[in-house]
Structures are given as C-alpha cells and as structure tokens.
Amino acid sequence: MRKGTALVVGATGITGGNLAGYLVASGWSVYGLSRHATVQGGVIPVAVDLLDSQATHKALAGLPITHVFYCTWVRRDNEQANIEANSAMMRNLFAALDGERLQHASLVTGTKQYLGSFEAYGSGRIETPFRESEPRVPGDNFYYALEDVLFEAAEQHGFSWNVHRPHTVIGYARGNAMNMGTTLAVYASICKATGQPFVFPGSQTQWNALTDMTDALVLARQMEWAATSPGAANQAFNTVNGDVFRWRRMWREIGEYFGLAVADCPEAPQPLDSRMGDAKAVWAELVQQHNLAEPDLDKLVSWWHTDADLGREQECVNDTTKARDFGFDHFRETRSAFFDLFDRLRAEKLIP
C-alpha cells in the first residue's frame with residue numbers, strides 16, 4: 001500500500017537525493033524535482049527551474065502530489081537577493097500545485113536559523129544548545145522568508161507543515177554545493193597523494209568545542225515521521241545525530257582512516273578554499289592513476305562551505321529534546337556516518 005505521493009524538491013542534493021531514495025524504499029510514490037532531470041531508481045524525474053513560474057505550472061500541472069518535501073535553495077550575492085530568489089521559487093511551487101490535494105509540506109533549513117545569515121553570521125545572541133523556541137536573529141535571513149511563505153501557503157490551502165533544522169549534513173551526493181563529508185574525503189586523498197599532513201583548516205574554537213552533525217538518512221527518517229505523525233504536525237524540529245564530538249578527536253580519527261599524519265590545529269585558520277589552488281592538477285593525476293569515476297573536482301568538493309562550517313568562532317550544539325518528546329528517537333553515531341560515506345566513495349571509485 002502506497003503511503004502517499006511525494007514531491008522531493010531538490011532531488012539531486014545531499015538532503016533531497018537521500019530522502020527520495022528513502023521514501024521509495026518506504027513505499028511512497030516519489031517525484032524528484034531538480035533543474036536537470038536525473039535518474040534515480042524508483043524516482044519519477046521532474047526537470048524545471050522554479051524561478052520560471054510558467055515552466056513550473058506546466059511541469060507540475062496534474063501531478064497528484066499529497067506531500068511536498070522542500071530541500072533546495074539557490075545562492076545569490078547577498079542575503080536580500082537570497083530572500084527574493086528563494087521566496088519566488090517556493091511561491092511558484094505552491095502556486096503550481098493542487099492545493100486541495102496537498103496534505104503536508106516539509107521545509108529543510110538549518111542552523112543559520114540560530115546563527116544568522118552568511119552576512120550576519122554569529123552576530124546575534126548565541127546560547128547553546130540551540131532550541132527550536134529561540135526567537136529569530138535580527139537581520140535578513142532567507143530561512144525566515146521561506147518559513148513565512150510556507151506558513152502563508154499552509155493557511156491558505158489548509159495543509160499541515162514541518163520545518164527541519166539540521167546541522168551540517170553527512171551523506172552521499174555528487175555535484176552538491178554543501179557536502180563536507182565528500183570534501184574531507186577528497187582533501188584527505190590529496191594530502192595522502194602529495195605527502196602533506198592532514199591540517200585542520202578551521203578555527204581553534206571549532207577544534208576544541210563540542211559540536212554535532214546530521215546524517216542524511218536521520219534527516220530523511222525524521223521528515224517522513226513528522227509528515228505522517230498527526231501529533232508532530234505544524235512543528236519545527238532540530239535534526240542531528242544524537243551524539244556530540246570535538247573536532248580534535250574526530251579529525252584524528254578521519255586521519256587514521258586514510259592513513260595520514262595529523263598535524264596540530266594551527267593558531268590561525270588555514271582555509272581550504274585558498275590552500276587548494278593546485279588541487280585540480282593533483283586530482284587529474286589521481287583520476288588517471290586510480291581510474292576514478294569523477295574527473296571534475298568541482299562536482300565533488302565545496303571548499304567554501306566546509307571552510308564556513310569549520311571556521312566558526314562559536315560553539316554549535318543543537319537540542320533534540322523536542323523531537324524525542326514528540327516520539328522521534330532515531331540515533332546515528334557521527335563517526336560511523338563519516339566512515340560509511342568514505343567506504344561508499346571508495347567502492348564507487350570516487351576517491352582512491
């Protein structure tokens with residue numbers, strides 16, 4: 001028996017791709033929306049640019065969607081432009097869907113809910129662990145704009161909603177712009193090939209402070225649970241693995257996985273984006289030597305996003321008490337999430 005008909009928006013991303021596969025395996029009919037059609041087992045592709053309202057209407061007309069899982073965003077030069085573009089995408093989506101058929105919509109945002117946008121990062125009053133009841137941080141933030149569009153559409157059409165706030169997401173995805181796990185695997189592979197020590201690129205604060213992360217399948221499980229549990233409707237939930245760690249230990253464990261010497265954390269950050277200038281040439285050699293499946297380094301790494309996460313000057317720990325109180329208790333060890341991803345990347349010849 002089918003559970004519902006889902007539209008996963010952003011089906012090629014780290015969150016949407018893993019969610020789409022999970023929903024198919026769980027008995028859903030799944031449409032996967034992205035700008036370019038891709039093939040994923042059991043997922044019906046829908047190729048459209050949500051910024052084009054007419055094309056969106058045409059692509060979604062008549063689809064029997066009961067549940068929307070919104071897992072995408074576009075990056076612009078400043079936060080006001082982020083708000084305009086991302087709000088337009090979500091408005092175009094809801095305008096094109098059959099509001100009477102739609103039962104539920106889920107939105108994925110993240111920890112910038114508490115930290116502020118890239119332009120105002122860490123400028124608010126930061127208290128950890130982050131709780132869903134925290135007030136919005138002053139200033140522009142496209143997360144807040146997306147929430148407001150969601151709430152408006154839910155009130156207009158009468159469907160329920162959830163907002164999910166993961167921390168940095170670990171999972172398998174190629175061509176994704178926010179993918180720390182694969183970025184670190186590629187960085188470690190380059191260090192090994194060139195004999196460089198595995199240097200932590202971020203801040204002393206992140207090296208020493210407690211933090212947490214989100215496995216993509218933990219997020220997928222929580223999204224399905226919240227969308228199908230009446231008591232969880234119309235709530236925002238933090239989404240993390242359930243354990244906490246310090247990078248000073250995790251970094252050494254990742255280094256051991258790749259057989260690397262791990263240097264002490266430098267006094268000042270050493271961002272990957274500025275240090276990996278010669279990485280494409282090294283990667284081209286590794287592709288030839290090991291017959292790797294992806295020659296385009298830009299489809300594997302996100303130096304800038306990993307630098308942003310590891311360069312923070314504040315502790316980031318998320319409280320998941322609310323989700324547990326509502327009945328969601330799935331747990332994932334973050335170290336295992338990294339190692340399982342590395343194993344898959346090696347099996348699929350994406351890293352040596």
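**Aromatic contacts in the predicted model**

Ring pairs join Tyr187, Phe198, Phe200, Trp207, Phe245, Trp247, Trp251, Tyr257, Phe258, Phe338, Phe339 and Phe342 into a cluster. The model in which this cluster appears is a predicted one. The structure holds 24 aromatic pairs. Among them is the pair formed by Trp247 and Trp251, whose rings meet edge-to-face, with 6.2 Å from centre to centre and 70 degrees between the planes.

It is worth staying with these two tryptophans for a moment. Both belong to helix α9, which spans residues 247-257. Trp247 and Trp251 are four residues apart there, about one turn of the helix. Trp247 has a relative accessibility of 3% and therefore counts as buried, since the cut-off for that class is under 20%. Trp251 is likewise classed as buried, because its relative accessibility is 0%. A further edge-to-face pair is made by Tyr257 and Phe258, with ring centres 4.9 Å apart and planes at 70 degrees to one another. Phe258 also counts as buried, because its relative accessibility is 3%.

Aromatic rings in this model also meet positive side chains. The charged end of Arg75 sits over the ring of Trp304, at 3.9 Å from the ring centre. In another such contact, Tyr172 carries the charged end of Arg344 over its ring, 3.6 Å from the centre.

Technical notes
Residues numbered from 1 in each chain as written. Predicted model: local features only at pLDDT ≥ 70, side-chain atom pairs only at ≥ 80, totals over all residues. Heavy atoms only, no water. Phe/Tyr/Trp six-rings, centres within 6.5 Å; stacked < 30°, edge-to-face > 60°. Buried < 20%, exposed > 50% of the residue type's maximum accessible area, 1.4 Å probe, protein only. Lys NZ or Arg CZ within 6 Å of the ring centre and 35° of its normal.
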